[in-house]
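Subject: Structure handover

Hello,

Here is the structure you will be working with. Please open it alongside this email and follow the notes in order.

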Amino acid sequence: MDGVVDHLADERNKAQFDVEEMKIVWAGSRHVFELSDRIARLVASDPVFRKDNRATLSRKDLFKNTLRKAAHAWKRIIELRLSEEEASKLRFYVDEAAFTDLHWGMFVPAIKGQATEEQQQKWLPLAYKMQIIGCYAQTELGHGSNVQGLETTATFDPQTDEFDIHSPTLTSSKWWPGGLGKVSTHAVVYARLITDGQEHGVHGFIVQLRSLDDHLPLPGITIGDIGMKFGNGAYNTMDNGVTRNGKCVRSNVPRQLIYGTMVFVRQTIVSDASCALSRAVCIATRYSAVRRQFGSQNGGVETQVIDYKTQQNRLFPLLAAAYAFRFVGEWLKWLYTDVTQRLQANDFSTLPEAHACTAGLKSLTTTFTADAIEECRKLCGGHGYLCSSGLPELFAVYVPACTYEGDNVVLLLQVARFLMKTVSQLGSEKKPVGTTAYMGRVEHLMQCRCSVQKAEDWLNPNTILEAFEARTARMSVAVAQKLAQFANPEEGFLELSPNLVEASVAHCQLIVVSKFIEKLQQDIPGKGVKELLGMLCNIYALNILHKHLGDFLSTGSITPKQGSLANDQLRSLYSQVRPNAIALVDAFNYTDHYLGSVLGRYDGNVYPKLYEEAWKDPLNDSVVPDGYHEYIRPLLKNQLRNARL
Ligand SMILES: CC/C=C\C/C=C\C/C=C\C/C=C/C(=O)SCCNC(=O)CCNC(=O)[C@H](O)C(C)(C)COP(=O)(O)OP(=O)(O)OC[C@H]1O[C@@H](n2cnc3c(N)ncnc32)[C@H](O)[C@@H]1OP(=O)(O)O
Ligand SMILES: Cc1cc2nc3c(=O)[nH]c(=O)nc-3n(C[C@H](O)[C@H](O)[C@H](O)COP(=O)(O)OP(=O)(O)OC[C@H]3O[C@@H](n4cnc5c(N)ncnc54)[C@H](O)[C@@H]3O)c2cc1C
């Protein structure tokens, strides 16, 4: 900030905690912090990675620019001999949806997780050196959620020792896979395996799509892009593809791991949610401290909008959620690593829980984050609607996360199946463990009474936990009892699916709250850091309690009076967080390049930069617009004539 006026300096001076230590907590470790900081600056200082022109480029120019950036990123990765960790950070800070996301994020993990040793030895070195580029081709025009309903077939021909991959209908065309449309040379294609005329369900196959010499599709394969998507710029940097296949390559597949790549990616999406959410919150918080409206007396300064309680009531729960998702993401990564190690030892016992947690938390965090980005746009008033605020593009890029990698409702129904199974086994030999361990105390949770008598009682983590556990246990048991009244359980499941989804949401919210509370039990150094995190944890939990008061009251988990006391406590917490708000978003350590927002600038110098940015719009290249002579002038002249008549 040398030589630059910091308009937010007063705000930064108010902080009551050690921001540098909070940066380490946010990053996860000092090592990750230092690495991220170094790579973020490297990307920000490289002109090839500029992104302020995305909203005004045509689709073709946008796409070509993405290819250029991806090639440049790879060049820098090789030149600088970056490690896998550094390279992945570099792609993260380049911040542009591209075929490389699917190559590294799904194609490589699918091979690692599902291919045989021999197949891995053949394909992984090529993929690691980007001598082939891959994608994940599961979804079809006719089926996405229902994976068992995929129509593409893979028929084994013993004579040639090959699989014939065939899309027999229009609806069996692979539709949506990222990178497939224009770039990928290979794909992991999901298809129904047929041998000796017998079907064996859906399996993954590595398929070559394009020639490695001239990039033309191989014979029998038709490929293209599926067309423009939501938002200008935004996700249109990605080629989402359609193919219809002819022949191809080889099999893999240990059966139980067929859905493994989805578990892996859903886990990464939870961590990504905290990134997208924190980014939107950083913009809205800084701008709320800069923006002033009303409240001036005797010509004095007006009120910063961040000081309005309504602004705090909308903004601070989002700030708290960004931290909450960060920590639950950390925990989920641990859970995923643990289940992977167990699977390698043929221990499948924790797979159902890993599936339920990744599916449920992916759903919960992406739904919340997409809504929160839109809320941050509104929190920035009119200027939030400008592309230069960074928020419209962030929303457009982020919102499909509610759909890809599993529609969020479909995923919650998977959690519901897991919950109902857990409830049905209560009282049997099989004791609930892990995230459902609380169900083991179901008798207590069905009748316990919340002890809160005054607002401060809500600061006790055990009180919060018990209220959340009682709410979830009671909702789950209630819906399980209703299900039991149906002669056909599947019919009951369909009929009661809205209740089941609500129970799943409650269960997932409980996981997030409990993992935040567990985080606070760790040794966290730095003046005031733990105290601030404690406040954010309470804000996250009490805000959910407030928003879902109906659940807590209808299950009798708390009384109306206790609900009202939770709200009083929330207001008090907002006042305590207020002086720390700017420092709490500084702890995300985002560069101005990554934020990509005039409103969220680190120095708070919003107005001159907004003005400057506006003049850069191509529409301002000429004072009189193109089209004046054809369309405006004749109109004005006609009006003149009409007026004379
Ligand atoms: C670093 C990351 C970088 C980049 C990637 C990120 C972003 C890039 C942007 C976009 C990429 C997008 C990619 C995609 O979208 S790929 C396509 C994803 N598609 C889906 O997610 C489809 C959703 N549908 C399903 O997952 C399944 O079909 C569904 C689970 C809904 C139903 O499956 P099925 O019909 O087989 O069901 P059930 O009878 O319900 O289940 C049978 C049995 O299997 C268990 N199960 C189901 N799924 C899993 C799983 N993933 N893992 C483990 N176990 C699973 C289920 O619980 C049942 O068990 P049981 O009750 O014991 O019989
Ligand atoms: C940006 C983007 C990138 C993508 N990238 C890839 C990729 O790389 N590779 C790939 O293979 N796919 C990809 N996809 C596809 C994606 O995985 C699917 O679109 C997603 O899984 C949802 O499936 P669907 O489209 O069939 O939705 P549908 O299942 O048709 O959903 C439509 C509606 O029906 C509801 N619904 C469906 N089933 C049920 C049920 N059982 N009970 C209650 N309600 C139900 C849903 O909630 C939703 O409201 C991508 C999609 C997008 C948007």
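With which strand does β1 pair, and in which sense? The partner is β5 (residues 186-195), and the two strands run in the parallel sense over 4 bridges. Within this pair, A137 stands opposite V189 in β5. Please keep in mind that this is a predicted model.

β1 is covered on both faces. On one side G134 and Y136 are buried, and on the other side C135 and A137 are buried.

Next, the ligands.

β1 (134-137) also takes part in the shell around ligand 2, where it supplies at least two residues. β4 (174-178) and α12 (408-424) each do likewise. There are 22 residues around ligand 2, and those that come nearest are Q138, T139, G144, S145 and W176. By type, this shell divides into 11 nonpolar, 9 polar and 2 charged residues.

Ligand 1 has 26 residues around it, with G105, V147, Y259, H355 and G406 the closest. Which helix gives the most to this shell? It is α8, with 4 residues. The elements that each supply at least two residues to the shell around ligand 1 are α6 (99-114), α8 (260-290), α10 (351-379) and α12. Note that α12 was already listed for ligand 2, where it supplies at least two residues as well. The shell around ligand 1 is made up of 11 nonpolar, 12 polar and 3 charged residues.

One helix can be checked by simple arithmetic. Helix α7 (residues 117-128) has 12 residues, and at 1.5 Å a residue it should span 16 Å. The expected span is 1.5 Å times one less than the number of residues, so the count of residues is reduced by one before multiplying. The end C-alpha atoms of α7 are 16 Å apart, which agrees with the expected span. Just after α7, M130 takes a positive phi of about 55°.

Last, the domains.

The domain assignment of the protein chain gives domain 1 (116-252) and domain 2 (605-644). Taken over C-alpha atoms, their centres are separated by 48 Å. Separately, an unreviewed UniProt entry carries the annotation "domain: Acyl-CoA oxidase C-terminal", which covers residues 460-637. That span is 72% helix and 0% strand, and its end C-alpha atoms lie 74 Å apart.

Regards

Technical notes. Residues numbered from 1 in each chain as written. Chains lettered and ligands numbered in written order. Predicted model: local features only at pLDDT ≥ 70, side-chain atom pairs only at ≥ 80, totals over all residues. Near = placed C-beta within 6 Å. Nonpolar A, V, L, I, M, F, W, Y, C, P; charged D, E, K, R; others polar. Buried ≥ 20, exposed ≤ 12 C-beta atoms within 10 Å, placed from the backbone. Pairing = 2+ DSSP bridges. UniProt positions renumbered as here; feature names shortened; annotations may be inferred. Domains from an automatic or database assignment.
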